[in-house]
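User: I would like to go through this model with you, one question at a time. Please reason each answer through before giving the value or name.

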Amino acid sequence: MGTRELENTSPFVRKIHRDELWLYKNPRTPSYVPNGILWPLVFVVPTVIMLIYFLVKRDKTELGQGLLSFSLALGLNGVITDIIKLFVGRPRPDFFYRCFPDGRPDLDGVVDIGAACTGEQVTIEEGRKSFPSGHSSFSFCSLGFLSLWTCGKLGVFGPRRGHGWRLVVGLIPLVVALMVALSRTTDYHHHWQDVLVGSVMGLFISYLCYRQYYPRLTSPHCHLSYLMVPSVLTPKSLNGTGSKGTLTPSQFIDPESPMEEQVKWM
């Protein structure tokens, strides 16, 4: 099932009792970060930055590895977020006014508030997709990945650390993602739990996919993808004969660790 099919699938209809109605009586307001801003921010900005890096370095392998890991993260995040939304079916903070647009419902004798809705069906179904926040998960997945990628390229936590401006540049995408996530509570489109879980989930998926293609940020080769690391390593044999020696697979240098320490250990 594709993402489009998931988006059009009706969510679980959770019963809403009168004593919890206050949770969903916040006013309906326009999104502070509408989709017209979110999607370019999520898809276009990281891609453009990677393309600019490619124009400087002229490394097709690096560009390909970056786009592969980035697209993997966004794809996984989109599917997982939509599936959770459909299974949970949590009403949004403004669900009451989605359910009763005039704000004057007749609830006498009504046990399940959600079953008595008079609003448009599409609006009501969208109002049942609060958990987790898609804006939060996508912004932290995309911009979180960009932050990891930038920190790796600048060597923020590697041997070249010690320059504060590199850390600031690496954290800028995360700050932007945080602003997007927080906006979802101030415009009453999500509860704070939705935003928290969506943000953590997006950041975790971005890290998971980043580490499939790149070493840890403390590695001396953090600026390279795993596919590029072997090309900068010179195999050394146990007896110091250099490239003429024969190495078993377990004797090759680990791209995750400093070369000097491993060579000395061997």
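User: Which residues does Y210 touch, not counting residues up to four places away in sequence?

Analyst: This is a predicted model, in which local features need pLDDT of at least 70, side-chain atom pairs count only at pLDDT 80 or more, and totals for chains, interfaces and linings use all residues. Residues are numbered from 1 along each chain as its sequence is written, and side-chain values use heavy atoms, with hydrogens and water left out. Taking contact to mean heavy atoms within 4.5 Å, and leaving out residues up to four places away in sequence, the residues that Y210 touches are F145, L148, W149, G152, P215, L217 and C222.

User: Which helix supplies the largest share of the largest nonpolar core?

Analyst: A nonpolar core is a set of buried Ala, Val, Leu, Ile, Met, Phe, Trp, Tyr and Cys residues joined through side-chain atoms within 4.5 Å, where buried means under 20% relative accessible area, exposed over 50% and partly exposed in between, with a 1.4 Å probe and protein chains only. The largest such core has 31 residues, of which M50, L74, F145, W149, I205 and Y210 touch the most other members. At least two residues of this core come from each of α2, α3 (60-88), α6, α7 and α8, and the largest share, nine residues, is that of α6.

User: How many of the 21 residues of α6 are buried?

Analyst: Helices are DSSP runs of H or I with at least four residues, and strands are runs of E with at least two, numbered from the N terminus. The end C-alpha atoms of α6 are 29 Å apart, in agreement with the 30 Å that its 21 residues should span at 1.5 Å a residue, the expected span being 1.5 Å times one less than the number of residues. Helix α6 is largely enclosed by the rest of the structure, because the number of its residues that are buried is 20 of the 21.

User: Where in α7 does a kink lie?

Analyst: Helix α7 (residues 164-186) has 23 residues and reaches 32 Å from its first C-alpha to its last, close to the 33 Å expected. Its buried residues include G170, P173 and A177, and among what covers the buried residues are α2 (35-57), α6 (134-154) and α8 (192-213). The bend at a residue is the angle between axes fitted to the seven residues ending there and the seven starting there; the kink in α7, of about 35°, comes shortly before the proline P173, at L171.

User: Which cysteines form a disulfide?

Analyst: A disulfide is a pair of cysteine sulfur atoms within 2.5 Å, and by this rule the count comes to one. The pair links distant parts of the chain, 18 residues apart, with one cysteine in helix α4 (residues 95-99) and the other in the loop between α4 and α5 (121-126). The link is left-handed, with -105° about the S-S bond, and the sulfur atoms, 1.8 Å apart, belong to C99 and C117.

User: Why is C209 not bonded to the closest cysteine sulfur, in C141?

Analyst: Both cysteines are buried, C141 at 1% relative accessibility and C209 with a relative accessible area of 2%. C141 is in no disulfide, and the sulfur of C209 is too far for a bond because its distance from the sulfur of C141 is 6.6 Å.

User: How many helices does the protein chain have?

Analyst: Buried residues make up 43% of the 266 residues in the protein chain. Among contacts between residues at least 6 apart in sequence, 76% join residues at least 24 apart. The chain has zero strands, and its helices number nine.
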